[in-house]
Amino acid sequence: PYSWFDADESPTRGIFSQDGRCVGVSGAQFGEIPDGGGGVINTGSVADDGFPISAGSNGTAGFQIFFASGGLGYVFATDADTLTQITDPDFPADVIMMTYFEGYTVALVRNSRQFNISALENALDWDGLDVYERNIGSDNFLAMVQNHRELWFFGSLTTLVYTNTGDASTPLQPIPGVLIEQGILAPWSAQRLDNAIAWLGNDEQGFGVVYLSNGYSPQRISTHAVEDYLRQSADLTIAEGITYQYDGHLFYALYVPDLPQTLTYDVSQQTWIKTALWDVNTATWVPDILRNAASAFGRFWWGIDKAQRATA
C-alpha cells in the first residue's frame with residue numbers, strides 16, 4: 001500500500017491530500033496524482049528555495065488548495081484544475097508558511113512577528129488591514145502549526161497559541177494566560193503527531209531537544225544519545241520533521257541534511273532508531289530518502305529524494 005510521489009524533479013518538497021485530491025511540489029514542479037494513482041501530472045511551476053512547502057485547503061467552501069513556496073503564495077483551484085500565484089497587492093511579502101484555520105487562510109511572514117489572514121474561504125483575496133503582530137513576547141515567529149481548533153505560533157524563544165474568538169475585527173487572538181517558554185530551532189521540524197505537536201526546540205537556556213506537546217507543556221522525548229548526535233550537525237536550523245504511519249505505528253522522523261542518518265521516533269514504543277542508505281558511489285551512509293508523506297486513494301504516498309535513491 002506504499003507508493004512514491006514520482007515526479008520528474010527532486011526532491012519532493014511536500015505532499016498534501018484531502019477529499020480525493022493529492023498534490024505535491026518536487027523541486028520547482030507542482031503536480032497531482034490522479035485518482036487511483038499513476039504518475040504525477042505536472043500542472044505548473046513554482047518558486048523553489050529548496051525548503052519544504054506548507055499547504056492547506058478550504059475544501060468545497062472555496063475549492064482551493066493553497067501553499068507557500070519560495071516566499072510566494074499559490075492557489076490550486078480544484079474545480080478548474082488551475083494553478084495561480086497569489087498577486088493581491090495586500091498579500092504579504094516573503095511568506096514562509098500557509099495554513100487553513102477556521103475559514104481563513106493564514107500566511108506567516110518569514111522571521112518576523114507578523115502573520116496575515118485572507119478573506120473567508122478565499123486564499124486569493126487579502127486585505128491590508130487583516131495583519132497581526134504579536135504583542136506578547138518579543139521574539140520573532142519562525143513556524144506555525146494548526147492543531148485541533150488552535151493555531152500554534154513558534155517563536156525563536158517562546159510559543160503563542162491562538163484561537164478564533166469570533167470577534168468581527170480581530171477574530172484570531174492569543175489564548176489568555178498561555179505563553180509557552182519554549183521556542184523552536186528548526187522551523188520545518190514542527191509537525192502534528194498523535195494529536196499533539198512535535199518540534200526541535202530552542203530557548204534561552206539552550207537548543208537541540210525534541211519536544212512533544214502535552215497540553216501547553218513541552219514534554220522532552222529526545223534522549224541524551226539523540227541530542228548528542230544532533231549536536232554533530234553544523235546547522236540544525238534546516239532540520240525537517242516528517243510524520244507518517246507504518247503498520248499501525250506513528251513515526252516522527254527528523255532529517256538533518258549534513259548528518260549521515262535520519263533519526264526516527266516511534267510513538268507507541270517511545271524509542272528512537274536511525275535509518276540510512278549506503279551510497280555505493282561514495283561508500284558512505286546517507287540519510288533516508290523519505291522527505292514527506294500523505295495518505296490518498298487507499299495508499300500511502302511518500303515524497304523522496306530521487307538522487308539519493310539512485311545511488312543507494
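**A friendly note on this predicted model**

1. A good place to start is a charged pair: the side chains of Arg-21 and Glu-32 form a salt bridge, with an N to O distance of 2.5 Å. Arg-21 belongs to strand S3 (residues 21-26) and Glu-32 to strand S4 (residues 29-33), so this contact ties together parts that are eleven residues apart in sequence. Both Arg-21 and Glu-32 are buried. Please keep in mind that the model is predicted.

2. Arg-21 has another partner, Asp-81, and their side chains meet in a salt bridge at 2.6 Å, N to O. This pair links distant parts of the chain, 60 residues apart: Asp-81 sits in the loop between strand S8 (72-77) and strand S9 (82-85), while Arg-21 is in strand S3. Asp-81 counts as partly exposed, because its relative accessibility is 44%, whereas Arg-21 has a relative accessible area of 18% and is therefore buried.

3. Other charged pairs are worth a look too. The search of the whole structure finds twelve salt bridges. One network of salt bridges links Arg-13, Asp-48, Asp-49, Asp-94 and Arg-110. Asp-228 and Arg-231 also meet through their side chains, at 3.4 Å, N to O; here Asp-228 is partly exposed at 42%, and Arg-231 is exposed at 55% relative accessibility.

4. Next, look at Asn-58, in strand S6 (residues 54-58). With a relative accessible area of 5%, Asn-58 is buried. Its side chain reaches the backbone nitrogen of Phe-63 at 3.3 Å. Beyond its sequence neighbours up to four places away, Asn-58 touches residues including Gln-64, Phe-66, Tyr-100 and Glu-121.

5. Now for a sheet. Four strands form an open sheet in the order S14-S15-S16-S17, with antiparallel pairing. Strand S14 (141-147) and strand S17 (172-180) are the edge strands, each pairing on one side only. On average, neighbouring strands of this sheet are turned by 25° against each other, direction ignored. Five bridges join S16 (residues 159-164) to S17, and Thr-159 stands opposite Ile-180 in S17.

6. Finally, the nonpolar interior. The largest nonpolar core has 32 residues, and those with the most contacts inside it include Val-106, Phe-115, Phe-154 and Leu-172. Strand S14 gives the most to this core, with five residues. Phe-154 touches, among others further than four places away in sequence, Phe-141, Leu-142, Thr-159, Ile-184 and Trp-199. Another core, of 22 residues, lies apart from the largest one and has Leu-185, Ala-198, Leu-230 and Leu-236 among its members.

Terms used
Residues numbered from 1 in each chain as written. Predicted model: local features only at pLDDT ≥ 70, side-chain atom pairs only at ≥ 80, totals over all residues. Heavy atoms only, no water. Pairing = 2+ DSSP bridges. Helix = DSSP H or I, 4+ residues; strand = E, 2+ residues; numbered from the N terminus. Axes fitted to C-alpha atoms, helices over the stretch in contact; angles between N-to-C directions. Core = buried A, V, L, I, M, F, W, Y, C linked by side-chain atoms within 4.5 Å. Buried < 20%, exposed > 50% of the residue type's maximum accessible area, 1.4 Å probe, protein only. Contact = heavy atoms within 4.5 Å. Polar contact = N/O pair within 3.5 Å; in protein donor to acceptor, adjacent residues only side chain to side chain. Salt bridge = Lys/Arg side-chain N within 4 Å of Asp/Glu carboxyl O.
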